[in-house]
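This report looks at how a set of helices pack and at the spaces left between them. Keep the model open alongside the text.

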Amino acid sequence: MRFVAPARDKVDSSVFSRPPLSQWREFAQLIETPDWPRIDALNSITALARLQDGGVPVNEWRFVEQTPALLADGLHYEQRIAERGEIATREGNWHDLLNALVWLRYPALKAALNARQIAEIAVAGPKRRTRAQCALTHFDEAGVVVLLHDPALLRLWDAHDWHGLFWREREAWSDGRACAHVFGHALLEHALKPGQLLVGKALVVAMRQRENAQDDANGSSAEASRTIAELAAVIRRGELLNDPQELRPLPLSGIPGWHPDNVAERFYREALCFCPLRDGRRYPAPFAERDLRG
């Protein structure tokens, strides 16, 4: 069933105080106020002009209103970005507004996905989808980057031991041993409804173990920004996201504080988002922090 986001004036304001939307509070004026922002307001945000991707100013890309006249050019959505720098955006639309916010925060990662999509379109044409395109799209819509400083957590995740990962190791998600950074704009859209059971498609980076996790209880923003930028370069080179099977399911609602019901242990036995490991399913090893700099 297709998800329908609530009307802007019907959104329960409590969703903005809980992750993942609480992680995007720098854009509160765009998502928490009564009126929809105009597209020119998105283009005026100075963060977009300051950030760079591969030496090319990110303000080479801009948001443009998606109109019948724009679509009449016959270009694929990704081709329009690559050839003209135009990100087609529907005004008054949650999905497209949240996509714009991801462009503003993670331009290098969004640009890397676009470059890969264009490369795949050149091979398969605009009407076919390759395995790589499926992986790229899944990550674009529902992606999460997880930085893991404790390899023991990965073993729990590999086994779908959700009780262990989120309940027995509850503190790992607040002391910096595990940090989830939501990238997918469809996930953010689903979070607009209170109590949604969110499941992301995660790329994992195995980070070096800290001597004292409390030194950075939230996983430093500088570390996260650097690592995600390096991950973008790896994706652009085609070393990641060549198949959907590379992505791990992560029931985000299990992370302490991300769902109102996960304060009770029974939540991890009863919630439908916690699926058992499928017979024969094996996940690839996470990308190592040291390899990102290779």
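## Helices α7 and α8

In this predicted model, α7 meets α8 through L109, K110, L113, R116, Q117, E120 and I121. The partners in α8 are A132, Q133, L136, T137, F139 and D140. Sorted by class, this contact holds six nonpolar, three polar and four charged residues.

The axes of the pair come within 10 Å. They cross at roughly 155 degrees. Angles over 145 degrees count as roughly antiparallel, and α7 and α8 are therefore roughly antiparallel to each other. Their crossing is left-handed.

## Helices α5 and α7

Helix α7 spans residues 107-124, and α5 spans residues 77-84. These two pack at an angle of about 115 degrees, with axes 9 Å apart. That makes α5 roughly perpendicular to α7. Here too the crossing is described as left-handed.

On the α5 side, the contact uses E78, Q79, I81 and A82. On the α7 side, it uses N114, Q117, I118 and I121. Four of the contact residues are nonpolar, three are polar and one is charged. Q117 and I121 also appear in the α7 contact with α8.

## Helices α6 and α7

What angle do α6 and α7 make as they pack? It is about 110 degrees, and the axes lie 5 Å apart. That makes α6 roughly perpendicular to α7.

From α6, the contact takes N99, V102, W103, L104 and R105. From α7, it takes P107, K110 and A111. The classes are five nonpolar, one polar and two charged. K110 is another residue that α7 also uses to meet α8.

## The largest cavity

How many cavities of 30 Å³ or more does the structure hold? A search of the whole structure finds two. The largest has a volume of about 90 Å³.

Its lining consists of Y77, E78, I81, N99, W103, K110, L113, N114, Q117, L136 and D140. Four elements each give two or more residues to this lining: α5, α6 (94-105), α7 and α8 (131-142). Which helix supplies the largest share? Helix α7 does, with four residues. By class, the lining has five nonpolar, three polar and three charged residues.

Several of these lining residues also belong to the helix contacts. E78 and I81 of α5 touch α7, as do N99 and W103 of α6. L136 and D140 of α8 are in contact with α7 as well.

## The second largest cavity

The second largest cavity has a volume of about 60 Å³. Its lining includes W36, P37, R38, I39 and L42. Also in the lining are T89, R90, E91, G92, N93 and L97. The class split is five nonpolar, three polar and three charged.

## The second largest pocket

The second largest pocket holds about 330 Å³ of space. It is lined by 15 residues. Those closest to its centre are Y77, E78, D140, E141 and H185. Helices α5, α6 and α8 each give two or more residues to the lining.

The lining has two nonpolar, seven polar and six charged residues. Y77, E78 and D140 also line the largest cavity.

## Backbone points to check

Two backbone features deserve a look. A cis peptide bond joins P19 and P20, with omega about 5 degrees. P20 sits in the segment before α1 (28-31).

The other is at H160. Its phi is near 55 degrees, a positive value in a residue other than glycine. H160 lies in the loop between α9 (151-158) and α10 (162-168).

Note on methods
Residues numbered from 1 in each chain as written. Predicted model: local features only at pLDDT ≥ 70, side-chain atom pairs only at ≥ 80, totals over all residues. Heavy atoms only, no water. Axes fitted to C-alpha atoms, helices over the stretch in contact; angles between N-to-C directions. Parallel < 35°, antiparallel > 145°, perpendicular 65-115°, else oblique. Left-handed = near helix turned anticlockwise from the far one by under 90°. Contact = heavy atoms within 4.5 Å. Nonpolar A, V, L, I, M, F, W, Y, C, P; charged D, E, K, R; others polar. 1 Å grid on protein atoms, 1.4 Å probe; cavity = no way out; pocket = protein on both sides within 12 Å on 5 of 7 lines; lining within 4 Å. Points joined across faces, edges and corners; volume = space filled by probe spheres on them.
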